[in-house]
Amino acid sequence: MAILEVLHFPDPRLRNKADPVEKIDADIKQIAENMLETMYAESGIGLAATQVNIPKRIVVIDLSEEKNEPLILINPEITKREGTETMREGCLSVPDYYDTVERAESIEFNYETLSNELIKTNTDGLLAVCVQHEIDHLDGKLFIDYLSPLKRQRLKKKIDKQEKLQQNVL
Ligand code: ZN
């Protein structure tokens, strides 16, 4: 197991579109395990492979308090969206920034498990938001893309300033 480096906005690699996983083999299992370890180490509730510079359609999620209910989604796909819901979101790739995003309230989606099972299911609430957020990553999309241009500009300025400060550290 290994902790992977999480890419931070505005890294252009976060815009890569991930390819479907063709065969669930030992490599894919290893990637999923490393992604879980990375997500737990960073105290996140979800992580997409794009965020660790692996352009494959793999997502890990764990919404449990004890962090012992990992959900691994291979080739996840949303087939139906219903209603709207707004929730405050954050992202391991956009540290220290939270904002409200409007998404579908409930979704139907399917995915493959590490043991090659095809699961068709539906969900709402936090899990629905999380699945939508992570699948966006696989398509090169970030939650801040939904913000108004003014808010995005402010965020960009804040990040530029942070980068300048970091460069001055000797
Ligand atoms: Zn994210």
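Where is the place of Pro 10 relative to helix H1 (26-41)? Pro 10 is found in the segment before helix H1. The structure is a predicted model. Its protein comprises three helices and five strands, arranged from the N terminus in the order α-β-β-β-β-β-α-α. This briefing covers the overall form first, then helix H2, and then individual residues.

**Overall form**

- The protein has 170 residues and a radius of gyration of 16 Å, which agrees with the value near 15 Å for a compact globule.
- The C-alpha trace spans about 50 × 40 × 30 Å along the principal axes of the protein.
- Of the 170 residues, 42% are buried.
- Among contacts with a separation of 6 or more, 64% are made by residues 24 or more positions apart along the chain.

**Surface and charge**

- The accessible surface of the protein amounts to about 9,800 Å², and carbon and sulfur atoms account for 47% of this area.
- The protein carries 22 positive and 31 negative charges. The mean positions of these two sets lie 9 Å apart.

**Helix H2**

- Helix H2 covers residues 125-138, and its end C-alpha atoms are 21 Å apart. This agrees with the expected span of 20 Å, because 14 residues are counted at 1.5 Å a residue.
- Helix H2 is mostly covered, with eleven of its 14 residues buried.
- The buried residues of H2 are Ala 128, Val 129, Cys 130, Val 131, Gln 132, His 133, Glu 134, Ile 135, Asp 136, His 137 and Leu 138.
- These buried residues pack against strands S1 (46-48), S2 (58-61), S3 (71-91), S4 (94-112) and S5 (118-124).
- After H2 comes Gly 140, which has a positive phi, near 75°.

**Glu 108 in strand S4**

- Glu 108 belongs to strand S4, one of the strands against which the buried residues of H2 pack.
- With a relative accessible area of 34%, Glu 108 is partly exposed, because partly exposed residues fall between the cut-offs of 20% and 50%.
- Apart from neighbours within four places in sequence, Glu 108 is in contact with Glu 77, Ile 78, Thr 79, Lys 80, Thr 121 and Asn 122.
- Met 1 is 107 residues away from Glu 108 along the chain, and the C-alpha atoms of the two residues are separated by 32 Å.

**Backbone features at Pro 10, Asn 53 and Asn 75**

- The peptide bond that leads from Phe 9 to Pro 10 is cis, with omega near 10°. As stated at the outset, Pro 10 lies in the segment before helix H1.
- Asn 53 is not a glycine, yet its phi is positive, at about 60°. Asn 53 is located in the loop between S1 and S2.
- The relative accessibility of Asn 53 is 35%, so this residue counts as partly exposed.
- Asn 75 also is not a glycine and has a positive phi, of about 50°. Asn 75 is located in strand S3.
- The relative accessibility of Asn 75 is 15%, so this residue counts as buried, the cut-off being under 20%.

Note on methods:
Residues are numbered from 1 along each chain as its sequence is written. This is a predicted model: local features need pLDDT of at least 70, side-chain atom pairs count only at pLDDT 80 or more; totals for chains, interfaces and linings use all residues. Side-chain values use heavy atoms; hydrogens and water are left out. Helices (H or I, at least four residues) and strands (E, at least two) are DSSP runs, numbered from the N terminus. The radius of gyration is taken over C-alpha atoms; the globule rule is 2.2 Å times the number of residues to the power 0.38. Buried means under 20% relative accessible area, exposed over 50%, partly exposed in between (1.4 Å probe, protein chains only). Contact means heavy atoms within 4.5 Å. Accessible areas come from the Shrake-Rupley method with a 1.4 Å probe; for residues, only the protein chains shown count as cover. Lys and Arg count as positive and Asp and Glu as negative; His and the chain ends are not counted. The place of a charge is taken as NZ of Lys, CZ of Arg, CG of Asp or CD of Glu. The expected span of a helix is 1.5 Å times one less than its number of residues.
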